[in-house]
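Biologist: I should be grateful for a close look at one part of this structure, followed outwards into its surroundings. Please explain each term for a first-year student.

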Amino acid sequence: MSAPISYSSASQKGHGGLVLAALGVVFGDIGTSPLYTLKQCFAAGGGLSATTANVLGVLSLVFWAIMIVISIKYVLFIMRADNKGEGGVMALISLVAQKAELSVRRRSCILLVGLAGASLFYGDGVITPAISVLSAVEGLEVLKPSLQPYVIPIALGILVALFGNQHRGTGKVGGLFGPVMLVWFVAIGYYGMQSLLKTPAAMAAANPVHAYRFFVQHGLHGGLVLGAVVLAVTGGEALYADMGHFGRAPIRKAWFLIALPALLLSYFGQGALLMRNPGAIDNPFYLSINPHAMSLMIVLATLATVIASQAVISGAFSLTAQAIQLGFAPRLSILHTSDAERGQIYIPTINRIMLLGVVGLILGMRSSSELAAAYGIAVTGTMAIDTLLAFVVIYNLWKWNPVVSALVALLFLTVDLALFTANIPKIPEGGWFSLLVGAVAFTFLDTWRRGRELVQRRLQEEAMPVADFLAQMEAHPPLRVPGTAVFLSSSRQGIPLALLNNLKHNRVLHQTVVIMTVITEPVPRVAPDRRREVIKLADALFRVYLHYGFAETPNLTKALKTSSREFDIDPAETYFFLSRETLIAKPSPIMALWRMRLFIAMARNASSAAKYLQIPAGHVVELGSQLVL
C-alpha cells in the first residue's frame with residue numbers, strides 16, 4: 001500500500017503531469033532498492049564470492065524477478081482488477097467479499113486472507129522507512145569511513161523529522177516528489193550505463209540460463225540468495241494501491257518508460273562493476289558512482305528514500321482509514337491536511353506507533369544489512385495474497401475459463417511462494433518482527449470485525465420494530481418540541497436505542513425526527529446524487545441512509561445541507577443524538593472472553609462518533625446504555 005496523495009487536474013496539467021506525479025509517489029520504494037539489493041544478495045549466500053558466474057546468476061534472478069513480479073503480474077495483470085478505479089488489498093477485499101458469487105463460509109475465509117494481507121503491510125510499513133533511509137545515509141561510510149559513528153544518529157534525525165512533520169500534510173512537498181525521483185532515476189540509470197559500457201558482458205544475465213545454473217551450482221545457498229532478491233521487487237503493491245490516485249495508464253507509462261529502464265541499468269551496472277572488481281561487493285551502488293559526485297548522490301539518495309518512506313507512511317494512513325470505513329478497525333482521529341485533496345490525511349495514533357517501531361528497529365539492528373533480514377516475509381506474503389484474491393476476481397467476476405484462471409494463478413503463485421519460502425530462514429534473524437507486527441495487527445482487525453458484528457446483533461435484538469413504535473406513538477402521542485432531532489443508528493431496521501431512551505427519559509419528541517444510518521458501500525466513492533436515501537415512516541418521522549465509499553470520510557452536516565423534497569433542516573436547530581453503549585463481556589461460544597475484553601478496550605478508546613462523522617460539538621447529545629455481549 002502506498003501514499004494516498006491525490007493530484008487534481010488543476011495541479012497536474014494533463015497526462016504527462018500524472019506520469020511525473022506517479023513516478024514520485026508510486027515508485028519511491030522500488031526505486032531506492034538498488035541501494036542495498038545486490039549487496040544483500042551476496043551477503044545472503046553466506047558471503048558468496050563475486051565470481052563472474054555468481055554475478056551473472058544473481059543478476060539474472062534480479063532481472064527476472066522484476067520482469068515477472070512487477071512488469072507482468074502487477075503492471076499488466078493485477079492492475080486490471082480494480083474496484084471502480086481503486087486498487088490495493090482493501091479494494092480487493094471489498095470487491096471479492098461483497099460482489100463475488102461465493103458462499104458465506106468462503107467469503108469469510110477470503111475476508112480473513114485479505115485482512116492478513118492488510119496486516120502484513122503494517123510490518124512492511126515500519127521496516128521500509130528504516131532500511132531505506134539508513135541505507136542511503138550509509139553512503140557516508142563510503143565517502144569517509146570516519147563518519148561511520150554518525151550514520152545512525154543522522155538516519156534517526158531524518159526519520160524523526162519526517163514523522164514529526166506528518167501533520168503538516170504532503171501538499172506542499174508532494175509536487176517535488178516527481179521531479180526529485182525523475183532526477184534520481186536519471187542519475188542511477190546514467191551511472192549504471194557508464195559502468196555497463198565498460199563491461200557489456202553483464203548483459204548476458206538477461207538469459208535465464210544463468211539463473212538456472214546458479215541454482216544447480218549452489219543449491220541451498222541459491223535459495224538463500226532468492227530470499228534477498230525479493231528486495232528488488234518491494235513496492236509492487238504500491239503500483240496497485242495507487243491506481244485510484246493516478247490511473248492505470250500513467251503508472252504503466254512511468255514504469256515502462258522511466259523506472260524500469262533506470263532500475264535495470266543500475267543493477268546491470270553494479271553487476272558489471274563486480275565483474276571488474278569483486279572487492280566492490282561491500283557497497284556496489286555507491287562504489288559505482290563517480291567519486292566527485294558522491295556527496296551529491298548521497299543527498300539525492302537520502303531525498304529519494306525520504307520520499308519512499310513518505311509513500312509508505314501515507315499508505316498506512318490510507319489503509320487504516322479504509323479499514324475504519326469497512327468496519328475492520330475502531331474510529332481513530334483522522335485529520336485532513338488539505339481542503340482540496342481528499343487523499344491527504346493524517347492519523348496521529350498510527351504515526352506515533354510507526355515512529356516508535358522505526359526507531360526501535362534502527363537502534364536494535366543498527367545497519368541496513370541487519371534490517372534486510374527483517375524484510376521480505378511481509379512483502380512476499382502480501383504479494384501471494386494479492387495473487388489469491390486476484391484469482392477469485394478473474395474466476396468469479398470476470399468469468400474466465402476455470403483452467404485458464406487456475407494456470408494464470410498457479411504461475412504467479414509459484415513465483416510468490418518461492419520468494420516467500422526463500423525468506424523463511426530469515427525469520428530467526430529478524431523476519432519475526434514483521435510477522436509479529438502482522439499478527440498483532442490481524443488480531444486487532446479481526447477482533448474489531450467480530451466484536452462489531454456481535455454488537456450489531458445485540459442492538460438489533462434491543463431495537464423496537466417500527467410498526468410497534470408507530471402504534472405506541474398513536475396510542476400515547478408525546479409532546480412535540482420545535483427543531484430537528486437526528487438519531488444515529490448502525491442498524492438499517494428498527495427504532496434505535498437512543499430514540500427510545502430519549503423518549504423514555506425526556507418524554508418529548510422534536511417536531512422533525514430523523515433516524516440516520518451511515519452505510520459504507522463496496523466502492524471507493526459514491527456519486528453525490530446517490531449519497532442520500534430518504535424514507536418517510538410517518539408524519540415528521542423519516543429514515544435516512546447516507547451512502548459513502550470506503551475511500552471517503554463521512555460528513556453528516558454537509559450531507560444534510562442538501563435540499564430534500566421530504567423535509568427541510570435548519571442546521572442551527574438540528575441536534576444529533578448518539579447512543580454510547582457501556583459494553584459488558586460474558587462468556588460466549590461466539591467469541592473468546594479475552595477477545596471480548598480486547599474489543600471492549602478498543603471500543604472504549606475509539607474516537608467519538610461525533611468527531612469522526614464531523615458533527616458540530618455543540619449539537620451532540622449522547623445517551624448512555626449498557627449492552628451485554
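**The hairpin and its sheet**

Modeller: In the hairpin formed by S5 and S6, 2 residues lie between the strands, and Ala540 takes a positive phi near 65 degrees. The model is a predicted one, in which local features need pLDDT of at least 70 and side-chain atom pairs count only at pLDDT 80 or more, while totals for chains, interfaces and linings use all residues. Residues are numbered from 1 along each chain as its sequence is written, and side-chain values use heavy atoms, with hydrogens and water left out. The names of the elements follow DSSP runs, numbered from the N terminus: helices are H or I runs of at least four residues, and strands are E runs of at least two.

Let us begin with the two strands of the hairpin. S5 and S6 run antiparallel and are joined by 6 bridges; two strands are said to pair if DSSP finds at least two bridges between them. One such bridge sets Ala538 opposite Leu541 in S6. Strands of a sheet pair through backbone hydrogen bonds, either parallel or antiparallel.

S6 also has a partner in S4, to which it is joined by 9 bridges in the parallel sense. Here Val518 has Leu546 of S6 as its bridge partner.

The surroundings of S6 deserve attention. A residue is called buried under 20% relative accessible area, exposed over 50%, and partly exposed in between, using a 1.4 Å probe and protein chains only. In S6, 9 of the 9 residues are buried, so this strand is largely enclosed by the rest of the structure. In a regular strand the side chains alternate between the two faces of the sheet. Both faces of S6 are covered: one side holds the buried residues Leu541, Arg543, Tyr545, His547 and Gly549, and the other holds Phe542, Val544, Leu546 and Tyr548, which are buried as well.

The hairpin belongs to an open sheet of 6 strands, arranged in the order S5-S6-S4-S3-S7-S8 with mixed pairing. S5 and strand S8 (620–628) stand at the edges with a single partner strand each, so one side of each is left without a neighbour in the sheet. On average, neighbouring strands of this sheet are turned by 25 degrees against each other, direction ignored. For such values, axes are lines fitted to C-alpha atoms, for helices over the stretch in contact, and angles run from 0 to 180 degrees between N-to-C directions.

Beyond S4, the sheet continues with strand S3 (residues 479–488), which pairs with S4 in the parallel sense over 8 bridges. In this pairing Val481 stands opposite His510 in S4. S3 also runs parallel to strand S7 (residues 574–584), with 4 bridges joining the two. Thr484 faces Thr574 of S7, and Val486 has Phe576 of S7 as its bridge partner. Helix H23 (residues 497–506) lies across S3, S4, S7 and S8, and runs at about 165 degrees to S4; contact here means heavy atoms within 4.5 Å.

Charged side chains can be followed around the hairpin too. Side chains of opposite charge can pair when their charged atoms come close. A salt bridge is a side-chain nitrogen of Lys or Arg within 4 Å of a carboxyl oxygen of Asp or Glu, and by this rule the count is 7. Asp539 and Lys536 form one of them, at 3.8 Å from N to O, and both residues are exposed. Another joins Glu552 and Arg531 at 3.1 Å, N to O. Glu552 lies in the loop between strand S6 (541–549) and helix H24 (556–560), and Arg531 in the loop between strand S4 (508–521) and strand S5 (532–538), so the pair ties together parts that are 21 residues apart in sequence. Glu552 and Arg531 are both buried.

Finally, the whole chain gives the setting. It contains 26 helices and 8 strands, and 58% of its 629 residues are buried. Among its contacts with a separation of 6 or more, 83% are between residues 24 or more positions apart. The C-alpha atoms fill a box of roughly 95 × 50 × 45 Å along the principal axes.
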